[in-house]
Amino acid sequence: MRFARDLFLDVGYGGTTMDAVAARCGVSKRTLYQLFPAKTDLFRVMVADHRRSMLALPRPPGEDLPLLEALAAIFRLDIDEIDNRDRLAFVRLVLADSDRFSEIGELIEQEGAEPARRLLEDWLSAQQAKGRLRALPVDVLARMLMDMIFSALVKRFPGDRLLTVEERAQHARLCLEVFLGGAVSKAG
């Protein structure tokens, strides 16, 4: 899978062919097509794998971290430079090619964003049930959190510079503190 991912990152979604994936992976085209009948099927698996690089959910059973530390772990704020570079490369691929290939946006929503939001909603709901967070709509809270944290990953305007791993983690922690300032229950 790593070879296929690297190929997508090297030449983009449009430039990646199943022939090239088979060659890079060292398997026959027949074997590749048995595993992944179409390029979209292969990309779907990559999106699901990428989702795990963005959010560390579900959390281990019985974990009882302070909310700030739990959210920092969920959003993988401790990610190292190499993993961060890989994660950003995939985000850039999606941003660059999703306008030209509508299936990318659909796959990101089906296999990435929507399942990630549901997992985060479940975690937030569990925190509300424990009395740690106010009873606010978890779908809104999850979207808000994801928007705040992931916005630090990409440049939004020409001339914006990409934040370093340390700057991103610092920015994200501040976002989490601000979020918790409004969402934490008075008892929590």
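Which residues lie nearest the centre of the largest pocket? They are Met 54, Val 91, Ile 108, Ala 113 and Phe 150, and the lining as a whole counts 22 residues. We will come back to this pocket after a look at the whole chain.

Please keep in mind that this is a predicted model, in which local features need pLDDT of at least 70, side-chain atom pairs count only at pLDDT 80 or more, and totals for chains, interfaces and linings use all residues. Residues are numbered from 1 along each chain as its sequence is written, and side-chain values use heavy atoms, with hydrogens and water left out.

**The overall picture**

The protein chain has 9 helices and 0 strands. Here helices (H or I, at least four residues) and strands (E, at least two) are DSSP runs, numbered from the N terminus. Read from the N terminus, the elements follow the order α-α-α-α-α-α-α-α-α. The C-alpha trace spans about 60 × 40 × 30 Å along its principal axes.

Of the 188 residues in the chain, 39% are buried. Buried means under 20% relative accessible area, exposed means over 50%, and partly exposed is in between (1.4 Å probe, protein chains only). A contact means heavy atoms within 4.5 Å. Among the contacts with a separation of 6 or more, 66% are between residues 24 or more positions apart.

**Aromatic pairs**

Rings of Phe, Tyr and Trp (its six-membered ring) pair if their centres lie within 6.5 Å; planes under 30 degrees apart count as stacked, over 60 as edge-to-face and the rest as tilted. By this rule the count comes to 6 aromatic pairs. One of them joins Phe 8 and Phe 43: the ring centres are 5.2 Å apart and the planes meet at 65°, so this pair is edge-to-face. Phe 8 belongs to helix H1 (residues 2-15) and Phe 43 to helix H4 (residues 39-54), so the pair ties together parts that are 35 residues apart in sequence. Both Phe 8 and Phe 43 are buried.

Tyr 13 and Phe 43 form another edge-to-face pair, with 5.1 Å from centre to centre and 80° between the planes. This pair also links distant parts of the chain, with Tyr 13 in helix H1 and Phe 43 in helix H4, 30 residues apart. Tyr 13 is buried at a relative accessible area of 1%, and Phe 43 is buried at 0%.

Phe 8, Tyr 13 and Phe 43 join Phe 90 and Phe 101 in one aromatic cluster. Tyr 13 has a charged partner too: the charged end of Lys 39 sits over its ring, 4.2 Å from the centre. A charge sits over a ring if NZ of Lys or CZ of Arg is within 6 Å of the ring centre and within 35 degrees of the ring normal.

**Back to the pocket**

The largest pocket has a volume of about 580 Å³. On a 1 Å grid over the protein atoms alone, a pocket is an open set of points where a 1.4 Å probe fits, with protein on both sides within 12 Å along at least five of seven lines; lining residues have an atom within 4 Å of a point. Which helix gives the most to the lining? That is H7, with 7 residues. H4, helix H6 (81-97), helix H7 (102-129) and helix H8 (138-150) each supply at least two lining residues. The lining divides into 14 nonpolar, 4 polar and 4 charged residues.

**Some loop residues**

Pro 58 lies in the loop between H4 and helix H5 (67-74), and the peptide bond from Leu 57 to Pro 58 is cis, with omega near 0°. Arg 59 is also placed in the loop between H4 and H5. Not counting residues up to four places away in sequence, Arg 59 touches Ala 73, Ile 74 and Trp 123. Arg 76, in the loop between H5 and H6, has a positive phi of about 55° although it is not a glycine.

Leu 136 lies in the loop between H7 and H8 and is partly exposed at 26% relative accessibility. With the same neighbours in sequence left out, Leu 136 touches Gln 128, Leu 141, Gly 182 and Ala 183. Thr 17, in the loop between H1 and helix H2 (18-25), is partly exposed at 38%.

The table lists separations between pairs of C-alpha atoms.

| Pair | Apart in sequence | Apart in space |
|---|---|---|
| Thr 17 and Arg 85 | 68 residues | 24 Å |
| Leu 136 and Ala 72 | 64 residues | 20 Å |
| Arg 59 and Asp 41 | 18 residues | 27 Å |

Conventions: Grid points are joined across faces, edges and corners, and a volume is the space filled by probe spheres set on the points. Ala, Val, Leu, Ile, Met, Phe, Trp, Tyr, Cys and Pro count as nonpolar, Asp, Glu, Lys and Arg as charged, and the others, Gly among them, as polar.
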